[in-house]
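The exercises below concern open and enclosed spaces in a protein model, together with the residues around them. Please work through each task before reading its solution.

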Amino acid sequence: RLWSAKREDGETRVTADVTEPPRFAFIGVRACELNAIAIQDRVFLGGPFADPHYQARREDAFFVAVNCGQAGGTCFCASMKTGPKAEAGFDLALTEMLEDGESRFLVEVGSDEGHDVLAALPREPATAADEATATGIVARTTASMGRSMPEGNIRELLLENLEHPRWDDVAERCLTCGNCTMVCPTCFCTSVEDTSDLTGTETSRERRWDSCFTMDFSYIHGGSVRSSGKARYRQWMTHKLATWFDQFGTSGCVGCGRCVTWCPVGIDITEEVRAIQGGD
Ligand code: SF4
Ligand code: SF4
């Protein structure tokens, strides 16, 4: 909730939502997710206006990252250079080492807070052999990645192919359900919803996640700008992989593969790029 208002005795009182959020600790955060959080930071905290709601939750958050010991079939972080090893943005990072049925963790410290937490735990210094084992685990994960984003200048490729026949092809399969945007860790669009009570004395405004796959998203006076599924899929993918660079200086995709996993008809962003590139 962003604010609420109440009319009493002929006067209207507006109250901003200033509830103090709880302090969050995120346990088991993957490298792709840390990269996505860095993107969200740029969106919500960069520029002249920081989002106070995001800022309040973000400021004191504590992150325990985990370096992936196994890649999923839909993962492609290695080709996006966002994983599978957590490089920054964590307080502590763990690599699980399984040997002879026993589990041990190599811990890396990323902040003073992480240092203080580790200091309170039973631990022993890592040996060179431990470090080599952990490096080997991450290297194996990199080598077993289920997918890869094609190489080359994808921004240019997509922007030069806005009328490529593949957009019609994907539009035939896409249900415009918006699942991909709901699970994507870098999608940040929101809308606001106003509600009032039946007597007309109380009202409030809430912020909700939105999706560029809905008709309402691009509605302006008289209708939706992107009325076809083709236009909406193209908007999503070209924003993620092309115009995001112009807006924020990086790709909007961290290769987590969630949009592939959760698409009910199996649309795969890496396959769509490859098709436009003219590959298999
Ligand atoms: S999840 Fe799949 S079907 Fe749904 S909008 Fe995204 S690409 Fe289309
Ligand atoms: S576009 Fe797909 S793979 Fe890329 S960050 Fe979003 S959900 Fe993950």
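Before starting, note that helices (H or I, at least four residues) and strands (E, at least two) are DSSP runs, numbered from the N terminus, and that a lining residue has an atom within 4 Å of a grid point of the pocket or cavity. The model is a predicted one.

**Exercise 1. The second largest pocket**

Task: Find which element gives the largest share of the lining of the second largest pocket, and describe the residues of that lining by class.

Solution. Step 1: begin with the space itself, which has a volume of about 450 Å³. Its lining comprises 18 residues, and those closest to the centre are F105, V107, P122, R123 and E124.

Step 2: assign the lining to elements. Two or more residues come from each of strand 4 (62–66), strand 5 (92–99), strand 6 (102–109) and helix 4 (112–119). Strand 6 supplies the largest share, with 4 residues.

Step 3: sort the lining by class, which yields 14 nonpolar residues, 4 charged ones and no polar ones.

**Exercise 2. The largest pocket**

Task: Work out where the largest pocket lies with respect to domain 1 and domain 2, and which helix gives the most to its lining.

Solution. Step 1: the largest pocket holds about 1100 Å³ of space. It is lined by 35 residues, and Q40, F44, Y54, R57 and W209 are the closest to its centre.

Step 2: the elements that each contribute two or more residues to this lining are strand 3 (25–29), helix 1 (31–45), helix 2 (52–59), helix 8 (179–183) and strand 8 (202–209). Helix 2 gives the most, namely 6 residues.

Step 3: compare these contributions with the domain bounds. Because domain 1 (19–143) and domain 2 (154–277) both give residues to the lining, the largest pocket lies between them.

Step 4: by class, the lining of the largest pocket contains 21 nonpolar, 5 polar and 9 charged residues.

**Exercise 3. Cavities and ligands**

Task: State how many cavities of 30 Å³ or more the model contains, and identify which ligand sits in the largest cavity and which in the second largest cavity.

Solution. Step 1: the count is 2 cavities of 30 Å³ or more. The largest cavity contains about 130 Å³ of space, and the second largest cavity about 90 Å³.

Step 2: examine the largest cavity. Its lining has 16 residues, with C174, C180, Y233, C263 and I267 nearest the centre, and both helix 8 and helix 9 (229–248) give two or more residues to it. By class, this lining has 13 nonpolar residues, 3 polar and no charged.

Step 3: place the first ligand. Ligand 1 sits in the largest cavity, and of the 13 residues that surround this ligand, the closest are C174, L175, C177, C180 and C263. The shell around ligand 1 consists of 10 nonpolar and 3 polar residues, with no charged residue.

Step 4: turn to the second largest cavity, which is lined by 13 residues, with C184, K240, C253, C256 and C259 nearest its centre. The division here is 9 nonpolar, 3 polar and 1 charged.

Step 5: place the other ligand. Ligand 2 sits in the second largest cavity, surrounded by 13 residues, of which C184, C253, C256, G257 and C259 are the closest. Helix 9 and helix 10 (258–261) each supply at least two residues of this shell, and the shell divides into 9 nonpolar, 2 polar and 2 charged residues.

**Exercise 4. A salt bridge and a loop**

Task: Say how far apart along the chain K6 and E202 are, and then examine the backbone of K81 and the peptide bond between G83 and P84.

Solution. Step 1: among the 20 salt bridges of the structure is the one between K6 and E202, whose closest N and O atoms are 3.8 Å apart. K6 belongs to strand 1 (residues 3–8) and E202 to strand 8, so that distant parts of the chain, 196 residues apart, are linked by this pair.

Step 2: recall that most residues other than glycine have a negative phi, and that most peptide bonds are trans. K81 has a positive phi, near 60 degrees, and the peptide bond that joins G83 and P84 is cis, with omega about 5 degrees.

Step 3: locate both features. K81 lies in the loop between helix 3 and strand 5, and P84 lies in the loop between helix 3 (77–80) and strand 5.

Definitions and conventions:
Residues numbered from 1 in each chain as written. Chains lettered and ligands numbered in written order. Predicted model: local features only at pLDDT ≥ 70, side-chain atom pairs only at ≥ 80, totals over all residues. Heavy atoms only, no water. 1 Å grid on protein atoms, 1.4 Å probe; cavity = no way out; pocket = protein on both sides within 12 Å on 5 of 7 lines; lining within 4 Å. Points joined across faces, edges and corners; volume = space filled by probe spheres on them. Nonpolar A, V, L, I, M, F, W, Y, C, P; charged D, E, K, R; others polar. Domains from an automatic or database assignment. Near = heavy atom within 4 Å. Sits in = over half its atoms within 2 Å of the grid points. Salt bridge = Lys/Arg side-chain N within 4 Å of Asp/Glu carboxyl O.
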